[in-house]
Amino acid sequence: MRLSPSARPAARLSVLLLLAACQPQARRLLLLDLALSDPVVLNGTARPWVDAGYTVRYRRFYPHLTRGDLPQFRTLVLLLGREPEAPSDALTAGDLALLDEWVRRGGVVVLGYDGDGEGYLDRWTANRWLEYEGAGISIGDLVLEDTTTRTLTTGRAQPWALARPVGDEPLGSVYEPFPLDRNHVVVARSPTQLLAITSQQAFVRAPKEPAGRPDAGIAAAARIGQGLVVVISRHALGTLGPQYRPSTTPFLAADALADTRAFLTAVARWTRRPAEWAHVPQAAHGVPLALQQAPLPVELQSPRLEPPVAVSTTELPLIPDRKLARATNVPDWLRQQGLRVLWTPLLATRDEQRVPRPAATLDSLVTFLDVGGFNLLSGDAYPEGADSAHARWWERDAVRRAWSDAVNRLGPTSVAWIPAFDYAAARLPPADSSRGARGEALPAPCALDTALWAGGFAPAATALGRLAGEQRTLVIALGFDLGDPLRDPGSRGRSYGMGQEFCDAAWRRALTQLGRRGVLDSLPFAARYPALREAGLLPLYYRALEDEVAERASALRDRVLRQRRDLYFAFRLPQPPADWFSLGLLRGFALPDRPLLLLTPEAKTRDLLASLRARGLNGVHAVELTPALLRARDWVGLRRVVFDDNDGFWFAGEERGSGGLGGGRVGGGRGSRGDRGSGGAGGGGRGARASGARTPGDSLVRLMRRLAR
């Protein structure tokens, strides 16, 4: 066909417009997360891709592919879900169909699986899809470990990674081993598919005994059609920043983390260069896609043409305002000394009963606080045992004696006290069960059940407030411990996250706020999450849940402040606050004239706290320390992490129910007398398992005293 002369300029303009539209597509990346993570905990995931020239767009509340995504984006990073071990969304049959189209059109798909005890459903589904495509890649179900690792963290020791060459050159300039957070074994048909492998000391915990997995694959790629698929852990992709799970990233390995960033950036840059994919094998003949044997039913919904209108996208990474880098209204004692917190339960557990600690144990504890240079003692004070309406007489007696002993022994010292309510292990009144995205009953009670607040949080807060009112010179704050179900069996899974809370109480309260009561009221549990997702109502629903939690927490805060106006509030959290429940709780207890005291295992939190301050949550943060960190030789680096990147540290003296504290002998006398204003406050994560059930020895405690501003 010939074009007339008058039509040629219009045709050339169309071609130019088409080329202009195609060129940006190569630099546009869509990030989807089936766990619905807050954007603030995906900054580390996005940074290497931005460094490689991509523009990263994150669509949080519709985490499934649509047909409208295919022409807009060339690269997809799909972070898989947490089911069945934890509530989240999951891969659908429609996702699998569009993944096939995506790669066969020349696109790039990065599958980031969840690991370390979660995400079996999506790993299983992803493996079936990889078999269907003939990719020659399979994700294992056991997490890799390495007890000889050089990483100094609070969790399981992870093997460091080694980059594999693609063709004749390695990915980037990474030659030394580098940390890559949690990984499972990724098996590939050909060694040339592997992008990274483990160290020689890597192993997995097999059913009978640990099995060595030296040089095991942890990232692999395959060419499918004209496109590329990369398989890697979502935790590895997020190594450079906080995640919704506590990180295993080493505190004191800045050079190694630079290599990690170089590797992840090189992988991202490599995905933009199809000419360099030639050494990766082409997918072989696949097998039929069979999903009937899935551990949970795979949703069969067809893909939409476009996401719901009400669902927006966010450009990542979020850039925090530098003016919000530091907390405001920080008290003098915290500015001068920082948070120096020992976290240990006040009562011992014996035969499933709470009993006061022996006098000798408390004396040893006071000596430990003095020699270690702590300014704060915190931990479970068992306030629910002081409730005359629900606790037995011997429980009330034990609590009274334990509180009296603590006051008598801490009173002459310069250590302040934060008695805490351990929600994760508390004996709560009967309540409706929390519900997940599939309508399944979860171990946690319904977050908005009136019985949980009236018979759980309220009596505990009232008892702690009464104690604070009586001990004005000793008690500086009240604490709330939310526990970690992954590391602490005692927490019994009492946690709340995205993809969760569709119980009747939460459902009706949120719908009332949204003005959607009526036809949605009668939906069965299993239909509630999909209905909100497809209607684009998930962001409004979770905002309504957060508002409801904030309102109830605010009522508790005001009740406590009527007993004592100058109290601080501390929270011990298993990870940075980034879900509707923890954010609502913090909003409810926040005050304009004093910061919240946050304790988590995370080390790099300045950007995250700045993002929280932009939401009106002013907080200071203490990082968890372990004996391995205290034995490190890099004291300059450790001080920088503790007092520059954070506002102090906390140390877990023992696990719940392990008996008396003070098994490690320490020298020195009773705590020194001093100004109560030099005390501190604490709150946040689950105890350091490396320290065992006893306090560390004399040399380790004295090392702790050396850790000063």
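At what angle do H14 and H15 pack, and how far apart are their axes? The angle is about 35°, and the axes of these two helices lie 7 Å apart. Let us keep that pair in mind and walk through the rest of the structure, which is a predicted model.

First, the overall view. The protein has 709 residues, and 60% of them count as buried. Its chain forms 19 helices and 27 strands. If you take the contacts with a separation of 6 or more, 82% come from residues 24 or more positions apart.

Now look for the barrel. Eight strands close up in the order S16-S19-S20-S23-S24-S25-S26-S27, and their pairing is parallel. From one strand to the next, the twist averages 25°. Strands of a sheet pair through backbone hydrogen bonds, and they can do so in a parallel or an antiparallel way. One pairing in the barrel is worth a look: strand S23 (residues 477-481) runs parallel to strand S24 (residues 568-572), joined over five bridges. Within this pairing, Phe480 has Phe571 in S24 as its bridge partner.

The opening pair of helices takes us back to this barrel. Helix H15 (residues 580-589) lies across S23, S24 and strand S25 (596-600), and H15 runs at about 165° to S24. Where H14 and H15 cross, the crossing is right-handed. On the H14 side, the residues in contact include Tyr542, Leu545, Val549, Ala553 and Leu556, and on the H15 side they include Trp580, Phe581, Leu585 and Phe589. By class, the contact of H14 with H15 has eleven nonpolar, three polar and five charged residues.

H14 has another helix to meet. Helix H11 (residues 450-470) packs against helix H14 (residues 538-563) at an angle of about 25°, with 8 Å between their axes. That angle is why H11 counts as roughly parallel to H14. Their crossing is right-handed. Among the residues making this contact are Trp453, Phe457, Ala461 and Arg466 of H11, together with Val549, Arg552, Leu556 and Val560 of H14. The contact of H11 with H14 is made up of eight nonpolar, five polar and three charged residues. Two names may look familiar here: Val549 and Leu556 of H14 take part in the contact with H11, and Val549 and Leu556 also appear in the contact with H15.

Let us move to an earlier part of the chain and another sheet. Here four strands make an open sheet in the order S9-S5-S11-S12, with antiparallel pairing. Strand S9 (184-188) and strand S12 (210-212) each have a single partner strand and stand at the edges, so each has one side without a neighbour in the sheet. The twist in this sheet averages 45° from one strand to the next. Strand S5 (residues 137-145) runs antiparallel to S9, and four bridges join the two. In that pairing, Ile139 is opposite Val186 in S9. Helix H5 packs on the sheet and touches S5 and S9, with its direction at about 145° to that of S5.

H5 also has a helix for company. Helix H4 (residues 93-104) and helix H5 (residues 120-133) pack at about 45°, and their axes are 11 Å apart. With that angle, H4 counts as oblique to H5. The crossing of H4 and H5 is right-handed. Leu96, Leu99, Asp100 and Arg104 of H4 come into contact with Thr125, Trp129, Tyr132 and Glu133 of H5. Sorted by class, the residues of this contact are four nonpolar, one polar and three charged.

Our last stop is strand S10, which spans residues 194-197 and holds Leu195. Is Leu195 buried or exposed? Its relative accessibility is 1%, so Leu195 counts as buried. Leu195 and Phe263 are 68 residues apart in sequence, while their C-alpha atoms are 9.6 Å apart in space. S10 itself pairs with strand S6 (residues 162-163) in the antiparallel sense over two bridges, and there Ala163 is opposite Ala196. S10 also pairs with strand S13 (residues 217-224), again antiparallel, over three bridges. In this pairing, Ile197 faces Gly217 of S13 as its opposite residue.

Methods
Residues numbered from 1 in each chain as written. Predicted model: local features only at pLDDT ≥ 70, side-chain atom pairs only at ≥ 80, totals over all residues. Heavy atoms only, no water. Buried < 20%, exposed > 50% of the residue type's maximum accessible area, 1.4 Å probe, protein only. Pairing = 2+ DSSP bridges. Axes fitted to C-alpha atoms, helices over the stretch in contact; angles between N-to-C directions. Contact = heavy atoms within 4.5 Å. Parallel < 35°, antiparallel > 145°, perpendicular 65-115°, else oblique. Left-handed = near helix turned anticlockwise from the far one by under 90°. Nonpolar A, V, L, I, M, F, W, Y, C, P; charged D, E, K, R; others polar.
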